[in-house]
Amino acid sequence: MNPTVDIIYKYFPKLTPTQKEQFAKLEEVYPFWNDQINVISRKDIESLYLKHVLHSLGIAKFVTELTTGTRILDVGTGGGFPGIPLAILFPHVHFHLVDSIGKKIKVVREVAEAIGLQNVEADHIRAEQLDYKYDFVVSRAVTRLADFTPWIRNKFEKKDKNAIPNGILYLKGGDLKEEIKESRLKAELHPLSSYFEDDFFDTKYLVYVPM
């Protein structure tokens with residue numbers, strides 16, 4: 001039995017009626033667009049709320065508050081993860097979702113419009129081509145950290161405006177010790193199983209790298 005939107009309400013009990021409605025609408029919008037442009041594997045679309053939405057929100061269990069006007073870049077967003085769920089949760093934060101595959105960005109724009117998100121900008125562009133600065137860069141397992149960091153190293157605002165310093169918030173699974181060592185980054189590893197009790201999260205982590 002795949003979890004419904006109730007799993008989001010369970011772990012985030014203080015959602016507004018608007019946020020609850022936006023999360024609930026994802027169940028209609030994603031399967032519709034996924035049938036036309038495949039952004040989530042066919043078997044995973046049935047586990048949308050657990051494997052994609054809640055997984056994305058692991059970042060929000062680590063960074064529980066963000067200052068108004070914070071700017072976040074989502075690199076290799078695919079169908080909008082983690083950016084779309086985070087944008088629902090933090091409506092006062094600006095999210096810039098980018099991907100090198102144009103049809104994926106089409107899905108992101110359609111989803112954002114369908115659920116009424118006002119704080120999402122989506123562009124078909126590679127991260128290294130961007131000229132803007134951000135407070136945080138988020139991503140979900142697009143590549144090894146050693147390869148990922150050069151794309152976004154110069155994309156950070158110098159001044160911190162949140163409780164934690166500006167940096168990378170990276171969702172990834174498996175044994176990451178070797179990957180972190182290879183990257184030569186001062187990274188913190190936070191197991192998502194400390195936030196979510198479902199078995200899916202037993203091998204999933206949030207990697208935080210202050211920049």
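Start by selecting helix α7: its buried residues pack against β1 (71–75), β4 (136–140), β5 (167–173), α8 (177–183) and β7 (204–210). Keep in mind as you click around that this is a predicted model.

Now show the side chains of α7, which covers residues 145–152. The buried ones to color are Leu 145, Phe 148, Thr 149 and Ile 152. Turn the view until you look down the axis of α7: these buried residues fall within an arc of 100°, so they line one face of the helix. The spacing rule behind that kind of pattern is handy: an α-helix has 3.6 residues a turn, so residues three or four places apart point the same way.

Next, step back to the loop between β4 and α7 and pick Ala 141. This residue has a positive phi of about 50°, although it is not a glycine. Ala 141 is partly exposed, at 41% relative accessible area.

For another positive phi, go to Arg 184, in the loop between α8 and β6 (188–191). Its phi is about 60°, and again the residue is not a glycine. Arg 184 counts as exposed, with 78% relative accessibility.

While you're checking backbones, zoom in on the loop between β1 and α5 (83–89), where you'll find Pro 82. The peptide bond from Phe 81 to Pro 82 is cis, with omega near 10°.

Time for a pair of helices. Select α2 (residues 17–36) together with α6 (residues 102–114): they pack at an angle of about 150°, and their axes are 10 Å apart. Angles over 145 degrees count as roughly antiparallel, so that is how α2 runs relative to α6. The crossing of α2 past α6 is right-handed. To see the contact itself, show Lys 25, Leu 26, Val 29, Tyr 30 and Trp 33 on the α2 side, then Lys 106, Val 107, Glu 110, Val 111 and Ala 114 on the α6 side. Sorted by type, the contact has 7 nonpolar residues, 3 charged ones and no polar ones.

Stay on α2 and find Asp 35. This residue is exposed, with a relative accessible area of 61%. Want to try the distance tool? Go from the C-alpha of Asp 35 to that of Glu 157: the two are 38 Å apart in space and 122 residues apart in sequence.

Last stop: α3, residues 48–56. How many of its 9 residues are buried? The count is 8, so call this helix mostly covered. Select Leu 48, Tyr 49, Leu 50, His 52, Val 53, Leu 54, His 55 and Ser 56 to light up the buried set.

Definitions and conventions
Residues numbered from 1 in each chain as written. Predicted model: local features only at pLDDT ≥ 70, side-chain atom pairs only at ≥ 80, totals over all residues. Heavy atoms only, no water. Buried < 20%, exposed > 50% of the residue type's maximum accessible area, 1.4 Å probe, protein only. Helix = DSSP H or I, 4+ residues; strand = E, 2+ residues; numbered from the N terminus. Axes fitted to C-alpha atoms, helices over the stretch in contact; angles between N-to-C directions. Parallel < 35°, antiparallel > 145°, perpendicular 65-115°, else oblique. Left-handed = near helix turned anticlockwise from the far one by under 90°. Contact = heavy atoms within 4.5 Å. Nonpolar A, V, L, I, M, F, W, Y, C, P; charged D, E, K, R; others polar. Arc of directions from axis to C-beta.
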